[in-house]
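Reader: I would like to go through this structure term by term. For each label, please give the value and the cut-off behind it.

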Amino acid sequence: MNAHYFNPVHSVYGAGALSSLPELLDGRRAAVVTFPEARALGLVARLEAVLGDRLACVIDCISPNPDVQELSQTYEDFWRTCAEVEVIVAVGGGSAIDTAKALMVADESGRFDALVSGLAGEKPFTPTRFKRLIAVPTTAGTGSEVTPWATIWDRARQKKHSLHLPQTWPEYAVIDPELMLSLPASVTLQSGLDALSHALESIWNVNANPLSDTMACSAVHEILAVLPALMQQPQDLGLRGRMALAALQAGMAFSNTKTALAHSISYEMTLRYGLPHGIACSFSLPMVLRSAIGQRADRDAVLERALGAPLAEAPERLERFIEGLGVKTRFGDYGVSAQEARAMVLHAQGGARGKNFIGRPTPTETLT
Ligand SMILES: [Fe+2]
């Protein structure tokens with residue numbers, strides 16, 4: 001069977017890439033969607049200077065892991081008051097970009113519950129109005145800048161929704177490592193491990209193809225080489241640039257495969273234990289790798305290309321790498337009992353992302 005690869009996002013990469021925004025807007029008016037600290041960091045002032053009279057409004061009330069309760073008012077205000085905005089410029093980590101994707105689409109009512117009912121599968125949601133998106137990540141990890149998906153949480157109902165519409169592909173991804181220089185160590189680590197998870201999850205994935213594999217292997221090599229060094233030298237623009245490129249490659253890999261079991265497990269760990277996404281989706285990587293090895297010869301070959309030979313020792317090496325960055329790799333380290341972990345893994349295997357995993361149906365013994 002022939003391999004198909006599709007990604008319509010135009011990527012602009014390099015130090016100083018932020019200054020290309022006016023050219024990319026090409027006369028269109030923009031709303032900036034960003035995180036609350038962006039103003040104090042001077043980022044909003046910089047965007048105001050770069051965008052000039054193209055900037056219509058700034059929405060900076062975005063909280064981590066966007067929740068339907070918090071988004072409702074922002075969404076309805078945006079659709080009521082920003083009619084002239086054609087483009088949303090999302091500047092921040094995954095939460096800012098995912099929030100922007102939710103803001104991009106509306107039906108004639110402009111009501112948020114119409115979108116939420118669609119996300120919950122209760123009623124079809126067909127957008128009749130939409131904005132374009134320029135995604136400017138300030139972290140190296142999410143990959144959201146080159147995918148059409150957004151994770152929207154409903155904590156009151158202990159649910160996670162995945163927004164995915166043809167209209168929610170970003171138009172441009174602007175990857176400027178200069179924006180990442182001020183990232184705190186915790187976010188640098190979490191986003192770096194998220195990128196590692198995206199790359200590996202695209203390999204042990206039923207949707208993998210030679211093009212996604214190529215980008216995933218390159219991303220894994222770079223992340224293993226760069227992330228520990230970057231944690232020591234966070235002000236090194238060269239290392240920030242390499243990590244940003246690796247995260248972009250990982251994003252492009254999983255933009256075509258989606259994620260798999262480690263991410264499926266992560267949603268429960270975030271909802272029930274409050275783990276940040278980058279930790280929740282990476283602590284289980286050595287366990288999932290153990291379960292993946294031996295399932296399919298072609299996947300073993302790519303995993304060996306990514307992680308080195310002998311493949312049988314790769315889980316232990318990966319465990320040392322992650323633990324060496326200060327992240328524990330067993331469920332028990334996070335207060336999850338063996339019984340609960342087994343139930344969580346079984347549940348995760350049955351989830352949409354879990355079904356992308358190549359592993360045998362019940363790898364619970366290996367995993368816990
Ligand atoms: Fe992720």
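Author: Start with strand β7 (residues 132–137), which is largely enclosed by the rest of the structure because 5 of its 6 residues are buried. Buried means under 20% relative accessible area, exposed means over 50%, and partly exposed lies in between, with a 1.4 Å probe and protein chains only. Helices (H or I, at least four residues) and strands (E, at least two) are DSSP runs, numbered from the N terminus. This is a predicted model, in which local features need pLDDT of at least 70 and side-chain atom pairs count only at pLDDT 80 or more, while totals for chains, interfaces and linings use all residues. Residues are numbered from 1 along each chain as its sequence is written, and side-chain values use heavy atoms, with hydrogens and water left out.

Reader: What makes β4 and β7 a pair?

Author: Two strands pair if DSSP finds at least two bridges between them. Strand β4 (residues 87–92) and β7 are joined by 6 bridges and run parallel, so the criterion of at least two is met. One of the partnerships is between G92 and P137 of β7.

Reader: How many bridges link β7 and β10, and in which sense do they pair?

Author: Strand β10 (residues 172–175) pairs with β7 over 2 bridges, in the parallel sense. In β10, A173 is the bridge partner of A135.

Reader: What makes β2 mostly covered?

Author: Strand β2 (residues 30–34) has 5 of its 5 residues buried. A30, V32 and T34 point one way from the strand, A31 and V33 point the other way, and all are buried. β2 also pairs with β3 in the parallel sense, over 4 bridges, and the bridge partner of V33 in β3 is I59.

Reader: Why is helix α4 called largely enclosed?

Author: In helix α4 (residues 94–104), 10 of the 11 residues are buried, so the helix is largely enclosed by the rest of the structure. The buried residues include D98 and K101, as well as I97 and L103.

Reader: Which residues coordinate the iron ion?

Author: D194 (OD), H198 (NE2), H263 (NE2) and H277 (NE2) coordinate the iron ion, at 2.2 Å. Donors are N, O and S atoms within 2.8 Å of the metal (3.2 Å for Na, K and Ca), and water is not among the atoms, so sites may look incomplete. In sequence, the donor residues are spaced D-x3-H-x64-H-x13-H. D194 in helix α6 (residues 185–203) and H263 in helix α9 (residues 261–273) are 69 residues apart, a pair that links distant parts of the chain. D194 and H263 are both buried.

Reader: Why is the site of the iron ion called irregular?

Author: Four donors count as tetrahedral if all angles lie between 85 and 135 degrees; four count as square planar and six as octahedral if opposite donors are over 155 degrees apart and all others between 65 and 115; anything else is irregular. The 4 donor atoms here make angles of 81 to 168°, and the site is irregular. That range goes outside the tetrahedral limits, so the tetrahedral label does not apply.

Reader: How is the chain divided into domains, and where are the bounds?

Author: Domain 1 covers 10–178 and domain 2 covers 184–366, with bounds that come from an automatic or database domain assignment. Their centres, taken over C-alpha atoms, are 26 Å apart. The contact (heavy atoms within 4.5 Å) takes 24 residues from domain 1 and 25 residues from domain 2.

Reader: What is the area buried between domain 1 and domain 2?

Author: Buried area is the accessible area (1.4 Å probe) that two parts lose on being put together, summed over both. Between domain 1 and domain 2 this is about 2000 Å², and carbon and sulfur atoms give 72% of the area. In domain 1, Y13, A140 and W149 lose the most area to domain 2, together 27% of what that side buries.

Reader: Why does G350 count as partly exposed?

Author: G350, in helix α14 (residues 338–350), has 43% relative accessibility and so counts as partly exposed.

Reader: What is the phi of Q158, and why is Q158 called partly exposed?

Author: Phi of Q158 is positive, about 55°, although Q158 is not a glycine. Q158 lies in the loop between β8 (149–154) and β9 (159–164). Its relative accessible area is 46%, so Q158 is partly exposed.
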